[in-house]
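Take a first look at this protein chain. Then follow the text from its sheet to its charged pairs.

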Amino acid sequence: MAKLAENRYGKSRVRLVRVKRHADHHELREWTVQVLLHGDFESCFTDGDNSKILPTDTMKNMVYSLARDSAAACIEDFAKELVAFLLTRNAQVSRVEATISECAWDHAALSGKPHPTTFVQSSRELQTATVTQTRGATAKVVSGLDNLVIMKTANSAFTGYIKDSLTTLPETRDRLFGTAVCANWAYISSNLTFAGLRYKIRELLLAAFANHQSESVQHTLYAMAQNVLSHVAEVKDIQLAMPNKHCLLVDLSRFGQDNPNEIFVPTDEPHGYIEARVTRE
C-alpha cells in the first residue's frame, strides 16, 4: 500500500525583464520567479485526474500579466501580489509560495552622470525574496541576498584550533578573508517598506564585516547577524551562509624573494562552508 504524504508543484525560472518608462529616465528590473502550489492535488497523482490542476504554463502567463499592471517597486511586494492572485482564483490551493531573485542593473555613468536609458551590470549579486501565504492567514515574507562577494585584507585571524597528526594549516593573525554571502532574514510583518529595509540591512552586514576583529568566519558571521538584529526591529531572525574563499600565500623563497603577505593564489575549491541562523532571545 502507498499513500501520498505531501506534494507541491509549480513553475520555476520564469524570467522577466520589466522597463518602466518615465519622461526623463527608464527603470530596468530583471527578475527570476518561482511559484509553488500546495493543495488538494492527490487525485492527479493517484488517478490521473487533472481537473484540479492549474497548468504551470498558466502560472508563467500570470507572472507576465501581473507584471504589466503591477505598481510594485520591489520583489517582496510583487511576490505578495502574485501569491494573493493565485489564492483568489484557485479554491483547491491551500498555500502558495513565490520566490523571486533580482539581478541588479545600474544606470551607466557617462561623464560623471547616470545615463537615463543605458544600464550596466557590475556584479552577480542577487536580491531575493520568498512570500508564503496559507489560505486564511497573513503572508510571511523572507528577504535576502545571494552571492555578495566581499573580502577584507586586515583584521582577520585564525588561531587556537584543534591540531592533530593531519593538520598542516599554519596559524595566522593576518590573513585575507573572502566570502560570498548568502543571507535570508524573516520579517515580523508583511506590510513594511521592504526596499528601504533591504538597503539598511545590507549596509549593516557590510559594516560588521569590515569593522569586526575576526577570529574566524564563524566569529564574524555572528557579529554580522547580531548587527542586523540590534538595529532592525522588523527582523525576526537571520540566516547566513558564508563559504570561506581562500587566498593562499605564495612561497617566493625559491626565487630569492620575500612575501610579506602580498602575493596570493585565489582558490574556489575546496572551501570551508559556515552557516548559522541567529534569532532574538
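The paragraphs below go through the sheet, the helices, the core and the salt bridges.

Keep in mind that this model is predicted. Start with the sheet. Eight strands build it, and the sheet is open. Their order is 1-2-3-6-7-8-9-12, with antiparallel pairing. Strand 1 and strand 12 (272-279) are the edge strands. Each of these two pairs on one side only. From one strand to the next, the twist averages 15 degrees.

Now pick one pair of strands. Strand 3 and strand 6 (residues 126-134) are joined by nine bridges, in the antiparallel sense. At one place along strand 6, Ala129 stands opposite Ile100.

Next come the helices. Helix 2 lies across strand 1 and strand 2 (26-39). Its direction is at about 20 degrees to strand 1. Helix 4 also packs on the sheet. The strands that helix 4 touches are strand 6, strand 7, strand 8 and strand 9 (235-245). Helix 4 makes an angle of about 35 degrees with strand 7.

Which residues touch the most other members of the largest nonpolar core? They are Leu37, Val181, Leu205, Ile238 and Leu240, in a core of 59 residues. Take Leu37 as an example. Leave aside its neighbours within four places in sequence, and Leu37 still contacts a list of residues that includes Leu54, Met59, Leu86, Val93 and Val96. Arg8 is also among the contacts of Leu37.

Arg8 leads to the salt bridges. How many are there in the model? The count comes to 11 salt bridges. Three of these pairs follow, one at a time.

Arg8 forms a salt bridge with Glu97. Their closest N and O atoms are 3.8 Å apart. This counts as a salt bridge because the cut-off is 4 Å. The pair links distant parts of the chain, since Arg8 sits in the segment before strand 1 (9-21) and Glu97 in strand 3 (residues 93-103). In sequence they are 89 residues apart. Are the two partners buried or exposed? Arg8 has 45% relative accessibility, so it counts as partly exposed. Glu97 has a relative accessible area of 19%, so it is buried. The limit for buried is under 20%.

Lys60 and Asp57 make another salt bridge, with 2.8 Å between the closest N and O atoms. Both belong to helix 2 (residues 56-69). They are three residues apart, so about one helical turn separates them. Lys60 is partly exposed at 24% relative accessible area. Asp57 is partly exposed as well, at 37%.

The third pair is Glu215 and Arg173. The closest N and O atoms of this salt bridge are 2.8 Å apart. This pair, too, links distant parts of the chain, 42 residues apart. Glu215 is in the loop between helix 4 (194-211) and helix 5 (217-231). Arg173 is in the loop between strand 7 (140-152) and strand 8 (177-187). Glu215 has 30% relative accessibility and counts as partly exposed. Arg173 has 48% and counts as partly exposed.

Finish with Lys3. Where does Lys3 lie? Its place is in the segment before strand 1. Lys3 counts as exposed, at 76% relative accessibility. Between Lys3 and Cys247 there are 51 Å in space, C-alpha to C-alpha. In sequence, Lys3 and Cys247 are 244 residues apart.

Notes:
Residues numbered from 1 in each chain as written. Predicted model: local features only at pLDDT ≥ 70, side-chain atom pairs only at ≥ 80, totals over all residues. Heavy atoms only, no water. Salt bridge = Lys/Arg side-chain N within 4 Å of Asp/Glu carboxyl O. Helix = DSSP H or I, 4+ residues; strand = E, 2+ residues; numbered from the N terminus. Buried < 20%, exposed > 50% of the residue type's maximum accessible area, 1.4 Å probe, protein only. Pairing = 2+ DSSP bridges. Axes fitted to C-alpha atoms, helices over the stretch in contact; angles between N-to-C directions. Contact = heavy atoms within 4.5 Å. Core = buried A, V, L, I, M, F, W, Y, C linked by side-chain atoms within 4.5 Å.
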